[in-house]
Amino acid sequence: MRTRTSMPLLLALVLTVSGCGALGLREDGRKPLTPMPSEVPTGPEYGSVDDVVAALAKGGFDCKVTVRNEYSYGSNATCEVQHRGTTVTNEISVLSTARFSRDEIGDSIAVGRRAYRHTIVAAGNWYVWVRPGVYAHDIAAALPGTVVLEPLKE
């Protein structure tokens with residue numbers, strides 16, 4: 001007798017909990033966003049990858065752009081610089097704050113750090129994947145107001 005009563009109650013509880021998002025999903029059924037790490041400063045913000053490349057040049061790194069893409073929601077580019085006898089590749093992403101929230105940008109950064117073990121230089125609405133990662137602190141020094149985010153280990 002007790003089993004007949006507890007099963008419908010258990011089912012009702014599961015449906016209520018899942019409807020409230022307690023299963024860790026957003027309203028659209030996707031996983032929740034990984035927030036922007038708290039140590040990432042809110043600025044500077046840049047309008048395009050060209051602005052980041054110009055800031056790198058001002059900081060002493062003449063970064064040669066090899067690939068550039070412009071979108072309605074931002075831009076990305078790959079540029080290379082010779083530093084300490086090594087070619088350092090910088091994959092730059094600048095995202096529109098009109099379209100993307102800070103946490104959506106943080107989620108994009110988290111994917112690279114977690115899944116691909118990227119070392120990222122970040123601030124505001126943009127980030128740079130630096131390869132090899134040992135040069136990320138040098139690149140960050142050329143871009144005032146940034147932080148280096150090491151890969152996430154799971």
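**Exercise 1.** What percentage of the contacts in the protein chain with a separation of 6 or more is accounted for by residues 24 or more positions apart?

*Solution.* The model is a predicted one. Taking the contacts in the protein chain with a separation of 6 or more, one finds that 57% of them come from residues 24 or more positions apart. As to the elements that the chain contains, there are four helices and six strands, and from the N terminus on they follow the pattern α-α-β-β-β-α-β-β-α-β.

**Exercise 2.** Work out in what order the strands of the open sheet lie, and which of them form its edges.

*Solution.* Begin with the order, which is β1-β2-β3-β5-β4-β6 in an open sheet of six strands with antiparallel pairing. Next, look for strands that pair on one side only, and these edge strands prove to be β1 (64–71) and β6 (147–149). From one strand to the next, the twist averages 20°. Finally, place helix α2 (residues 49–58), which lies across β1, β2, β3 (86–95) and β5 (126–131) and runs at about 140° to β3.

**Exercise 3.** Determine whether T78 is buried or exposed, and describe its surroundings.

*Solution.* First locate T78, which belongs to strand β2; this strand (residues 74–83) runs antiparallel to β1 and is joined to β1 by seven bridges, and V65 has C79 in β2 as its bridge partner. Then compare areas: because the relative accessible area of T78 is 16% and buried means under 20%, T78 counts as buried. Leaving aside neighbours within four places in sequence, the contacts of T78 are K64, V65, T66, V67, T89, N90 and E91. For the protein chain as a whole, 36% of the 154 residues count as buried.

Notes
Residues numbered from 1 in each chain as written. Predicted model: local features only at pLDDT ≥ 70, side-chain atom pairs only at ≥ 80, totals over all residues. Heavy atoms only, no water. Pairing = 2+ DSSP bridges. Helix = DSSP H or I, 4+ residues; strand = E, 2+ residues; numbered from the N terminus. Axes fitted to C-alpha atoms, helices over the stretch in contact; angles between N-to-C directions. Contact = heavy atoms within 4.5 Å. Buried < 20%, exposed > 50% of the residue type's maximum accessible area, 1.4 Å probe, protein only.
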